[in-house]
Amino acid sequence: MKIIISPAKSLDFESPYPEVNATTPKFLNQAARVNAELRQKSPQELGSLMGISAPLADLNYQRNQNWTVVHNKANSRPAIFAFTGEVYRGFSVGTLDQKFFGLMQDSLRILSGQYGLLRPFDRLQPYRLEMGTKISIDGEKNLYSFWTDAITEELRSQLSKNELLLNLASNEYAKSVRLKELGHQVVTPVFKELKNGQYKVVSVYAKHARGLMARYIIEKNVNDLEGVKGFTLANYRHNESLSSETELIFTR
């Protein structure tokens, strides 16, 4: 089973992490073209483009200027140890037994506005670029136009016969993949809370649950739909009556 998740805006480049065989992103040359466009933006332009505060704009302006196609131990770190945020708090790689690292590297994929598609141990440098950012790269009108063909084809090439793709990415990032063109079964888990008699998605809980499920799939080496339905962490239960062939609804 392959799993796709979103990246996070928040990054950790300070905490120690275990020694792993770090890998090189597949689309590093394309990432350099993205950076070439970003580094032309002033802090004020970045602030307007991304809707961020002046201090954050200054920080990301400097990140863009420092970014280089050469990724090494001194200037980058493996993606799974760099991203923080609710999905990654749910996944909690710091408490994951290293015996699962190989399966994690094989199964988990992170979508990225800067890098396109990342494996957990692919090196990345600090950046901020959401997939929905309205920026033109190489004449393409936005990041979806720039990345979608490459991401879709790469995922297709990585999926083995009859392998299931579990979509644990947000809608913003899932749109960067032509899921229907992969030629594989794609299932999207959705996590809902009971509020005032109705089941609703609460963003912060849903993000955390996506991380929990990604870890669950890896630790249990789940490789079929029934195994996914068995997810019960954080008191979620598969809700058969609300689910469909393409969406598995989990409620609590």
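This section describes the overall fold of a predicted model of a protein chain and then several of its local features.

The protein chain contains 10 helices and 10 strands. Its radius of gyration is 18 Å, close to the 18 Å that the globule rule gives for 252 residues, so the chain is as compact as a globular protein of that length. The C-alpha trace extends over about 50 × 40 × 35 Å along the principal axes. Of the 252 residues, 52% are buried. Among contacts between residues at least 6 apart in sequence, 69% link residues at least 24 apart. The accessible surface amounts to about 12100 Å², and carbon and sulfur atoms account for 46% of this area. Charged side chains comprise 32 positive and 26 negative groups, and a separation of 3 Å is found between the centres of the two sets.

Helix H2 spans residues 43-50 and has a buried side and an exposed one. Pro-43, Leu-46, Gly-47 and Met-50 are buried in this helix. Viewed down the axis of H2, these buried residues fall within an arc of 100°, so they line one face of the helix. Their packing partners are helix H1, formed by residues 28-38, and helix H3, formed by residues 54-66. Gln-44 and Ser-48, by contrast, are exposed and lie on the face of H2 turned away from the buried side. Just after the helix, Gly-51 adopts a positive phi of about 65°.

Positive phi values also occur at two asparagine residues, Asn-196 and Asn-235. Asn-196, although not a glycine, has a phi of about 55°. This residue is located in the loop that connects S7 with strand S8, the latter comprising residues 198-200. With a relative accessible area of 81%, Asn-196 is exposed, the cut-off for this class being over 50%. Asn-235, likewise not a glycine, has a positive phi of about 70°. The loop that holds Asn-235 runs between helix H10, residues 225-229, and strand S9, residues 237-238. Asn-235 counts as exposed because its relative accessibility is 59%.

Strand S7, which covers residues 186-195, includes Glu-193. The relative accessibility of Glu-193 is 7%, and the residue therefore counts as buried, the limit for burial being under 20%. When residues up to four places away in sequence are not counted, Glu-193 touches Gln-198, Tyr-199, Lys-200, Val-202, Tyr-205, Tyr-236 and Arg-252. Two of these partners, Gln-198 and Lys-200, fall at the ends of strand S8 (198-200). Between Glu-193 and Ala-206, which are 13 residues apart in sequence, the C-alpha to C-alpha distance is 8.9 Å.

A further buried position is Ser-107, in helix H6, which consists of residues 101-107. Ser-107 counts as buried because its relative accessibility is 6%. Outside the residues up to four places away in sequence, the contacts of Ser-107 are with Met-1, Lys-2 and Ile-3. Thr-232 lies 125 residues from Ser-107 in sequence, and the two are 21 Å apart in space, C-alpha to C-alpha.

Definitions and conventions:
Residues are numbered from 1 along each chain as its sequence is written. This is a predicted model: local features need pLDDT of at least 70, side-chain atom pairs count only at pLDDT 80 or more; totals for chains, interfaces and linings use all residues. Side-chain values use heavy atoms; hydrogens and water are left out. Buried means under 20% relative accessible area, exposed over 50%, partly exposed in between (1.4 Å probe, protein chains only). Helices (H or I, at least four residues) and strands (E, at least two) are DSSP runs, numbered from the N terminus. The arc is that of the directions from the helix axis to the C-beta atoms. Contact means heavy atoms within 4.5 Å. The radius of gyration is taken over C-alpha atoms; the globule rule is 2.2 Å times the number of residues to the power 0.38. Accessible areas come from the Shrake-Rupley method with a 1.4 Å probe; for residues, only the protein chains shown count as cover. Lys and Arg count as positive and Asp and Glu as negative; His and the chain ends are not counted. The place of a charge is taken as NZ of Lys, CZ of Arg, CG of Asp or CD of Glu.
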